[in-house]
Amino acid sequence: MNAPMPKSLGVIDGVVIAASSTAATTSIAIGTGVLAATVGRQVPILLVLAFLPMIGIAGAYARLNRSEPDCGAGYTWVGRTLGPWLGFLAGWIPVAGTVIFLAYTTAICGSLLIQTAGKVGLHGLDPDSTAQCTLVGLVVLVAVTWTAIRGVAHAVTFQKYLLIFEYAVLIVFCGWGMIVGDQPFSLSWLNTFAFDSLSGLAQGLVLAVFFYWGWDSAFNVTEETRNPEDASRGGFIALFTMLGLFVLGSIAFQRVLPTEELAENGAQGLSYFAAKLVGEPWASVPLLALMFSAIASVQSGVIPTARLTLAMSRDKTLGPFWARLSKRGAPAAGTVVIAVIAGFVALLEFAIPTLNQAILAAVNTIGLLVAVYYGLTAIASAVRFRGLLRTNPTEGLRAVVIPLLSGTALLALGIYLALYYATLSDSFAISVENGWFNLAAPALIVLLGIGAAAMAKWRRRSPYFARVEETV
């Protein structure tokens, strides 16, 4: 049923969707250890450096959204400006990246439920076993998918309460950690020249870009907002909020934990931090906040992706199935299929024995993919509004120069890291330390995207390709 999508969302709803998709608590709790294993004590300054291109890219999204509000976001804008092949990849890549994100976050939800069960005396499952955590997490995936298909307004209401609780807990515990931590603070944590190697810095930046990924989800629901500007405001507010939380969290973790303990605990990092900081029973409160964050991020991952596939289906670059709307105006069929695919990918992670390794593999893949489609969207903004350099140089600086520098920097970063992975190992092995393994998933996703674009152009004869080619 092709009912119209209801315009029921405001700026606060956009902030909630963007913040839930970014999942600050989950990123801090699990990703800080991953970053520490890569760049040591330079995690705080790394997160600041990764934020800089995000601002330029957010500005590009905001300007493009004012020019052409569309739930396809980068897929639509890049396609009309840089051409349909790159445009299709700008849609295909975030869909694939979100599926991988949902797969590994499903396992994280399972791990958190197992850890919580252990707190109340129910032992028997291993919170670092990929297989066990995934099977438990699939129950969560089913539950949040059900809430998502009821409509985005219902999902946002549910997420508001989760965000309030988890942010309050995060701020209190991290603030306390900064005050009483026994690891001495050092200004070298904020030194941009203290990184050990260029390859470590590049890998760390890609991982840090993943930290911020998700703020653009507000633009995928722009057709359901009362004012397209609300999507831009929501994205910006969420992005600056994430910067504050990430810097606070990374410094707090390093005030309480040495680098070795940060890197070793992975998926149980926040629990370990809280237990060392305050002990039980209060150490269980951050675990509960982390579980809420993971659940909200799974739900927020499903919602914008279903809107993106809806936009692609309207252009016949994907099949008509993805454009079916429920009576509530939500793309319910697409939401269910995305969850099913994510569940299948989660089962494939059984090949990686520990959850820590599965997380690192997924984050490496998503970080490379995010760098590509963010970079393409920023460059599309620079190309589309390049005339402002002549008519209004000040606006041209914001609309052309800054997005161009931000997008080019991310693409160059992704290319450098891909080349580094390609030369890191002599043979393929299923290990997060193997360069070819880290490169395999992003390369496969791009190749599949090119194949899907070819099918859309020559088999479905999508008007997206003909129309965009005429526009360019």
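1. A residue counts as buried when its relative accessible area is under 20%. Keep that cut-off in mind for R63, which has 17% relative accessibility and therefore counts as buried. One caution before going on: what you have in front of you is a predicted model.

2. Where does R63 sit? Look in helix 3, which covers residues 43-67. As for its company, leaving out residues up to four places away in sequence, R63 touches F385, L388, E395, R398 and A399.

3. Next, the nonpolar interior. The largest nonpolar core has 126 residues. If you want a few places to start looking, M54, Y61, Y104, Y212, W215, F273 and Y374 are the ones with the most contacts inside that core. Which helix gives the largest share of this core? That is helix 5 (residues 84-119), with 15 residues. There is also a second, separate core of five residues, and I352, A358, A361 and V432 are among them.

4. Y61 deserves a closer look, being one of the residues with the most contacts inside the largest core. Setting aside neighbours within four places in sequence, Y61 is in contact with A73, W77, W215, D216, F219, Y373, Y374 and T377. Two of these names, W215 and Y374, should ring a bell, as they also appear in the list of residues with the most contacts in that core.

5. On to the cysteines. How many disulfides does the structure hold? Zero. C133 is in no disulfide, and the nearest cysteine sulfur, in C109, is 10 Å away. C133 is buried, because its relative accessibility is 0%.

6. Why is C174 not bonded to C109? The sulfur of C109 is the closest cysteine sulfur to that of C174, but the two are 20 Å apart, so they are too far for a bond. A disulfide would need the sulfur atoms within 2.5 Å. C174 has a relative accessible area of 2%, so it is buried.

7. Now for the empty space inside. Rolling a probe the size of a water molecule over the atoms shows where such space is left. In this model the count comes to four cavities of 30 Å³ or more. The second largest cavity has a volume of about 130 Å³, and 17 residues line it. Nearest its centre you'll find T26, S27, Y104, F210 and V363. Y104 is a name you've already met, as one of the residues with the most contacts in the largest core.

8. Which helices build the wall of that second largest cavity? Helix 1 (11-22), helix 2 (24-39), helix 5, helix 8 (198-212) and helix 15 (355-384) each supply at least two residues of the lining. Helix 2 gives the most, with six residues. Sorted by character, the lining has twelve nonpolar residues, five polar ones and no charged ones.

9. Finally, a couple of backbone spots to check by eye. K316 is not a glycine, yet its phi is positive, near 65°. You'll find K316 in the loop between helix 13 (284-314) and helix 14 (332-348). With a relative accessible area of 48%, K316 counts as partly exposed.

10. R461 is the other spot: here phi is positive too, about 50°, although R461 is not a glycine. R461 lies in the loop between helix 18 (435-458) and helix 19 (463-471). Is R461 buried or exposed? Exposed, because its relative accessible area is 64%.

Methods: Residues numbered from 1 in each chain as written. Predicted model: local features only at pLDDT ≥ 70, side-chain atom pairs only at ≥ 80, totals over all residues. Heavy atoms only, no water. Core = buried A, V, L, I, M, F, W, Y, C linked by side-chain atoms within 4.5 Å. Buried < 20%, exposed > 50% of the residue type's maximum accessible area, 1.4 Å probe, protein only. Helix = DSSP H or I, 4+ residues; strand = E, 2+ residues; numbered from the N terminus. Contact = heavy atoms within 4.5 Å. 1 Å grid on protein atoms, 1.4 Å probe; cavity = no way out; pocket = protein on both sides within 12 Å on 5 of 7 lines; lining within 4 Å. Points joined across faces, edges and corners; volume = space filled by probe spheres on them. Nonpolar A, V, L, I, M, F, W, Y, C, P; charged D, E, K, R; others polar.
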